[in-house]
Amino acid sequence: MPGLRSRSLSTRLLIWIVPISVAGSLAITIPNYFIARSVILQETQKGIAAVTDSAAAQAKSYFEQRQNDIVTISQSPLFKDHYMNAEYGLTQEAEVYRMDIERMLVDLECRAKAYTVLCYVDKEGREVVRVERGRAVTPRGAPRDISQTRSNKPSGIMHDGGGPPFVRSTVPLGDGGGKVRGALVFDASLGPVYDALGRVHLGVSGRSFLTTRPKDPLYGEYAAKGPVLTAVAPIAGTEWSVATAVERADFIERLGWVSTMTFVLLLSAGLTLILALTRKVRTLLAPLQALAAAAQAYARGDLGVRVPAEGSGEVAALSDSFNAMADALKARTEDLLRRVRELSSLQRMNDAVLRQLGKESIGAACLDAAVSGLGYQRGMLFWVDGLRKEVVGAAAKGFDGLGLTDDELRARRVPLGGGDIVAVAARGREAILVLDPAADPRCDPEFVRRTDARSFCIVPIVVRDKTIAVLGLSLPVSGTPIGLPELKGLALFAGAAGLALENAELLDAVTESEARYRTAVENSPYAVVGLDRNCRITLWNRRAESLFGYSALEAAGHTLEVVFGPAVYKGLLRRVETEGALHQEEAAGAARDGRPLMLSLSWTGQNAGPGGEREWFVVLEDLSEKKRLQAQLVRSEKLSAVGSVLSGVAHELNSPLGAVTGLAELLKDDPAGSGVKEELRHIYDAAMRCRDIVSGLLLFVRKRKPVRERVTLNFAIQSTLSMFEYRLIKSDGIVLEVDLDPSGPTVAGSFHKLQQLALNLLANARDAVRSGLGSRTIRVRTRRRPEGSTLEVEDNGPGVPPELRKTVFEPFFTTKPLGQGTGLGLSVCAKLVEDSDGRIRCEETPGGGARFVVDFPPCPDGLPEPAAELKLPPSMPGRRVLVADDEPELLQVMLRLLAEDGLIASAVAPAAALDKVRQGGFDLLITDIDLGPVKGTALLEAARALPGRPPVILVSGDILNEELDRELTALKAPVLAKPFLRSEFLRLVRRVLQDSYAPRFRGRA
C-alpha cells in the first residue's frame, strides 16, 4: 500500500487489522454455515415434534372430551328412572323419561357437533333412542350385543357408507348389583381430527396424519424425494398416534444461497473497511488522545468538558458530535433528575393511596409531592366543600420561616361564589398564573402579606368535571417566575392527584359500606351464608356458627350438605338450578351435634360484577322453637277444649256412673247372685274401668295443689296389686314378678295418686303384653337410692320405638287401635309423677320390651302419715242419716250402703228437703250440691243453724267448677266426689260421725 510509512502507527495497525479481518471473516463464515445448518435442522425437528405433540394433544383432548361426554351422560339418573319404570310396566312414565333422554342426547350433539350417531339401548340391545346429526330418528330394529360391554374405550376407526370415518364408544348402564340394564353407544366423527391435522403446514411438503402402526414412521403414506424429518406422538389413552413428515430440503435449500451471498458481502465489506482504514486512520489518530481525555473527564462527572473542533473530515465531525452529545446528555441528565423527582413524588402519593391512609393523608402526600417533587418551595392545599359552598384550607408546606401552620390555614374559609382567586380557580376549573399578587384584585392583600407571596400559580384538582381541591405553589426564595410549560406540567400533576383523591374517597366509601355490610351480616338474627359459583361456603356469620356448631373456618369450602344432609341438599340445589331462587322454603336440617332443626331458607343469586361469576346468598331461620311453641299452643288449646267439655259433661256423667259403680260393687259381693257371679264381675270391671277413665280425665284437667304425705311406696304398690293381681294372673294369663325393696322406700305425695300411677302403668303393661304372642311377663320393682326412690314397671311386649319414647307422655297420644285407648294413661302418669316432683322415662329392655322408670326425690322429714286416713274407722250403728239426691239410682245405692253399715237412713225429695232439714231429728246430712229447685249449700246453712250443728257431707259430680270449688272451700265442709267406691263412702261417713260425736262425749265426761 503506497503512501504509508512502514513504521507509522497506521501501517502497524493495518498489518494486524487486514489479515486478522480476512481470516476472521473466513473463520466466522464457514463454521457459521454448518452451525446454522445444524441449528436449523435441530430447531426444525423440535418444531415438528412440538407441532406433532400439539396435534396429538388436540386429538387427545378431542377423544377425552368424547369419553367425558359419554361417562357424564351415563351418570344421569334419567336412565335408571326409564328402565325401572319400563320394568314395572309404567309405560307412560317410561316414555316421559325416554323423551328426556332423547332431548339430552340431542342437546349434547347440538353443543358438541362431533357425533354422527348417539344411541341409548336397553338390556336386550334394542335401540331406545337414536340421534343422528343433531336430530332424533327412529331407532333401528336390529339389536346390539352389549353382554360383554365392560369398558368405555373407543373402538378402532370405522366407516359407515360414504360418511366420514368415526370411532365408537360404548358404556354399560348397570344397577347397584352390577347387572347391565342398558348401554350408551356414541359414534364420534373423526372429521374434526382430520381437519385439524390437515391445517398443519410445515415447509412445502410437510403434513400430519393419523395412524395405528407404530413401527414405520412413514408407514408408506408419505412419498419423499430426499431425506425426511419425522416426528410421532402417541395419543394417550388410544391405540393411535399422530405422525408428521417433512422433507429436509424445505429448510436447508436456501441456506447455501444465503451462505454464498453472506461470504461475498463479507469480502466486499472487508475490502471497503481496509480502504477506509487506510485513508482515515492517520487523520483520526491525532485527536484521539484529546477525545479520550475529554471522555474520561465526562465520565468523572464533568458535564461541562468539551473537545475543540480541530482537524478536518470525520475527526472534526466526531469532535462536534462529542460536544453535541455532551450538551444533549447534560440536558437529558437535568431533565431526568427533574423527572425522577416528579416520579418520586408520584410514587409517594401512590404509596399513600396503597396504604389506604384516607383523604386527609393522601391530600398531604399530594401537596408534599407537588412541592418536593416538582421543585417548588412553598405550597398550600384547599378543599372544596360543595355542601357549604366554600373553599377551606387544608395543609401548608414550606412556610416554617413565616410561622404559618396547618391549623391557621384550616381556619381560612373562602366563599365558593366569591371573588377570591382560589374560588375563581375552583369555579373555572383552570390553572391561574399570578405574576404580581399585589396588583391582582383577586388576591387578598392581607393573606398575600402573611404568606410573602411574590408570584404563584393556582391549580384546581378536577375529577369528573367537579373541583374537589385547589393547589397553590410558588418559588419566592429563588425568585424564579413560573412559566407556561411548568403550568402545563402542574395540570397533569393535578389530574393524577385528582385520581388519587377520588380513589381515597371511593375507598373510604367502600370501607364504610363494607363495615356496615359486615356489621349487619354478623349481627343478623338469622344465619347468613354466602356461596360461590360452585355453591361452596364463603360467608358464615356468627348466628350460623351458634346455630349449626361449625366455625366459619370449618364451614368454608363445604356445601350446605353439612346442614341439610345429601338428600335434602340435592333436592334444594335442583330446585335452585331450576327455579333460580327459593323464598321462605322450609326444610329439615341438623346441627353438628345431631340436634334436628326445622329451617326456613331463602336462597337467591347475585352477580359478582361485570364479567364475574354468579354467587349465592342464603338466609336461614331456625323454626324449631316456633314449631314447638305452635305445637304446644295447639296442645294447650286441645286441653282447654277437653277441660271445657269435661266441665259440662262431668256433672251429668258422674251421677249415673256413681250409681253404676256402686251397684256393681254391691252385686259383685251379693251371695244371691252366685249364679251370675262371673257376669257381675265383668260388669264391675267395666264400671271400674269407666270410673278410672273419668278419674284420669278429671285428674288431668283439675288444677289443685297436690297433697303431700309420707307414703310408703311398697304399701301403695301392694294395695294396687291386691286390686289388679287377680285380673292379671287369672284372666289375662300374665306372669307377675314383684321385687319390692325390703328397706321400704318412702315418697312425698298422695297415696291415692301413687295408687293411680301404679294402676295406669300396670294397665299399660297389660295392654302391651296382650297384643303379642308367647309368654306374657310384667315385672314390678321398687328401690331405695341415695338420691331418692325408684319404681320400675317392665313388660316383654313389643316395646316403644326410640322416636316415640318422649311422645308417649303427651296427652291423647296412643299407639293402640281406634277405640282401644284414650291416650291419657301415660300422660296422667306424667302429671302424677310431676305432682310428686319426680321424673318418668321410657327405656328399652334387653328382651325388646318396654320399661317405665319413675324416679322420686328423697322424702323430707315432718310429713304426715296417711295410714290413719286409709284405715276404715269403726262403724257407728243406730245413727240417723238424712240423704237428699235427685238421682234415684244413686240415692238407692247410698241408702243401701248406709243400711248395711247399721245406720238408720232415710231419703227426702229435693222439693221437701229444705223443710225437712229445718225440722232436724238427724245426726248426719248427706246431700247433693245441685238438687234442682234447691241447692245443697242452702241445706248446709239450714243444718248449721240447728241446735247441735249436725255435720253435713256434700256430694258433687261437678268437681271441675272452679267457682263452686272456691265456695266449698270457704264453707269448710267435707265433699265426696262422684263416682265413689263403697270404701270411700263409708270411710268418710264414719269419720264425719266419729268427729261429730267425739266432742260431745268428751263434754259429758
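Start by selecting alanine 233 and valine 242: valine 242, in strand 8, is the bridge partner of alanine 233. Bear in mind that this is a predicted model.

**The sheet around that bridge**

Now widen the selection to residues 241-247, which make up strand 8. Strand 7 pairs with strand 8 over seven bridges, in the antiparallel sense. Add strand 6 to see the open sheet of three strands, ordered 6-8-7 with antiparallel pairing. Strand 6 (207-211) and strand 7 (228-234) are the edges. Each has a single partner strand, so one side of each has no neighbour in the sheet. On average, neighbouring strands here are turned by 20° against each other, direction ignored.

**The helix across it**

Select residues 191-198 next. This is helix 4, and it lies across strand 6 and strand 8. Helix 4 runs at about 150° to strand 6.

**Threonine 451**

Jump to residues 445-451, which form helix 11, and pick out threonine 451. Is threonine 451 buried or exposed? Threonine 451 is buried, because its relative accessible area is 6%, and the cut-off for buried is under 20%. Show its side chain: it reaches the backbone oxygen of phenylalanine 447 at 2.7 Å. Then display what threonine 451 touches beyond four places away in sequence: Arg378, Met380, Phe399, Leu402 and Leu404.

**Two cysteines**

Finish with cysteine 535 and cysteine 859. Cysteine 535 is buried, at 7% relative accessible area. Cysteine 859 also counts as buried, with 13% relative accessibility. How many disulfides does a search of the whole structure find? The search finds zero.

Notes:
Residues numbered from 1 in each chain as written. Predicted model: local features only at pLDDT ≥ 70, side-chain atom pairs only at ≥ 80, totals over all residues. Heavy atoms only, no water. Disulfide = S-S within 2.5 Å. Buried < 20%, exposed > 50% of the residue type's maximum accessible area, 1.4 Å probe, protein only. Helix = DSSP H or I, 4+ residues; strand = E, 2+ residues; numbered from the N terminus. Polar contact = N/O pair within 3.5 Å; in protein donor to acceptor, adjacent residues only side chain to side chain. Contact = heavy atoms within 4.5 Å. Pairing = 2+ DSSP bridges. Axes fitted to C-alpha atoms, helices over the stretch in contact; angles between N-to-C directions.
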